[in-house]
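Student: Before we discuss any labels, could you show me the model, and then explain how each label follows from its definition?

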Amino acid sequence: MTSYKIMLTDNANKDLENIYQHYILRADDKIANKLLSEIDNAITLLGSQPLLGHLPLELNSTDKDCLEIFTKSFRLIYKIEKQLVIILIVLHQKQSVAKAAFNRSIH
């Protein structure tokens, strides 16, 4: 099985930090760490199976290169370029991908 490198953009790293801080303040470090572990597992999976994702419905007309994969609570928006998976955005499932993409200028 082919292995892909994973790269997180600055936006994705900021998203992870914001998620962690949000759950540290509103819950506790155990929950925050569990959620980051859930996201990390999805990222690791993309390293070996990047085509698991699908085109986010909200981005149909704006960026056909983006794919998304879901965890229990979050969505990871990413692109594949050769042997590289680029994580663009990490957001809660209830958040708008289109709005996040516009705010982060990914398209």
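Tutor: Contact here means heavy atoms within 4.5 Å. This is a predicted model, in which local features need pLDDT of at least 70 and side-chain atom pairs count only at pLDDT 80 or more, while totals for chains, interfaces and linings use all residues. Residues are numbered from 1 along each chain as its sequence is written, and side-chain values use heavy atoms, with hydrogens and water left out.

Student: Which residues does Glu68 touch, not counting residues up to four places away in sequence?

Tutor: With those sequence neighbours set aside, Glu68 touches Gly53, His54, Pro56, Arg75, Leu76, Ile77, Tyr78 and Val97. Glu68 itself lies in strand 2, residues 67-70, where strands (E, at least two residues) and helices (H or I, at least four) are DSSP runs numbered from the N terminus.

Student: Why is Glu68 called buried?

Tutor: Buried means under 20% relative accessible area, exposed over 50%, and partly exposed in between, with a 1.4 Å probe and protein chains only. Glu68 has a relative accessible area of 3%, and therefore counts as buried.

Student: What makes the pairing of the side chains of Glu68 and Arg75 a polar contact?

Tutor: A polar contact is a pair of N or O atoms within 3.5 Å; within protein, one must be able to donate a hydrogen and the other to accept it, and residues adjacent in sequence count only if both atoms are side-chain atoms. The side chains of Glu68 and Arg75 are joined by such a contact at 2.9 Å.

Student: How do you know that the span of helix 2 agrees with what is expected?

Tutor: The expected span of a helix is 1.5 Å times one less than its number of residues. For the 20 residues of helix 2 (residues 29-48) this gives 28 Å, and because the end C-alpha atoms are 29 Å apart, the two values agree. At the N-terminal end of helix 2, Asp28 acts as a cap, with a side-chain oxygen 3.0 Å from the backbone nitrogen of Lys30.

Student: Why does Leu46, which is found in helix 2, count as buried or exposed?

Tutor: The relative accessible area of Leu46 is 0%, so Leu46 is buried. Leu46 touches Tyr4, Ile6, Ile69, Tyr78, Val85 and Ile87, again not counting residues up to four places away in sequence; of these, Ile6 is 40 residues apart from Leu46 along the chain, yet their C-alpha atoms are separated by 7.9 Å.

Student: What are the buried residues of helix 1, and how do you know where they lie around its axis?

Tutor: They are Ala12, Asp15, Leu16, Ile19 and Tyr23. Seen down the axis of helix 1, these buried residues fall within an arc of 100°, so they line one face; the arc is that of the directions from the helix axis to the C-beta atoms. On the other side of helix 1, Asp10, Lys14, Asn18 and Leu25 are exposed.

Student: What makes the phi of Lys82 worth a remark?

Tutor: Most residues other than glycine have a negative phi. Lys82 is not a glycine, and still has a positive phi of about 55°. Lys82 lies in the loop between strand 3 and strand 4, and at 77% relative accessibility it counts as exposed.
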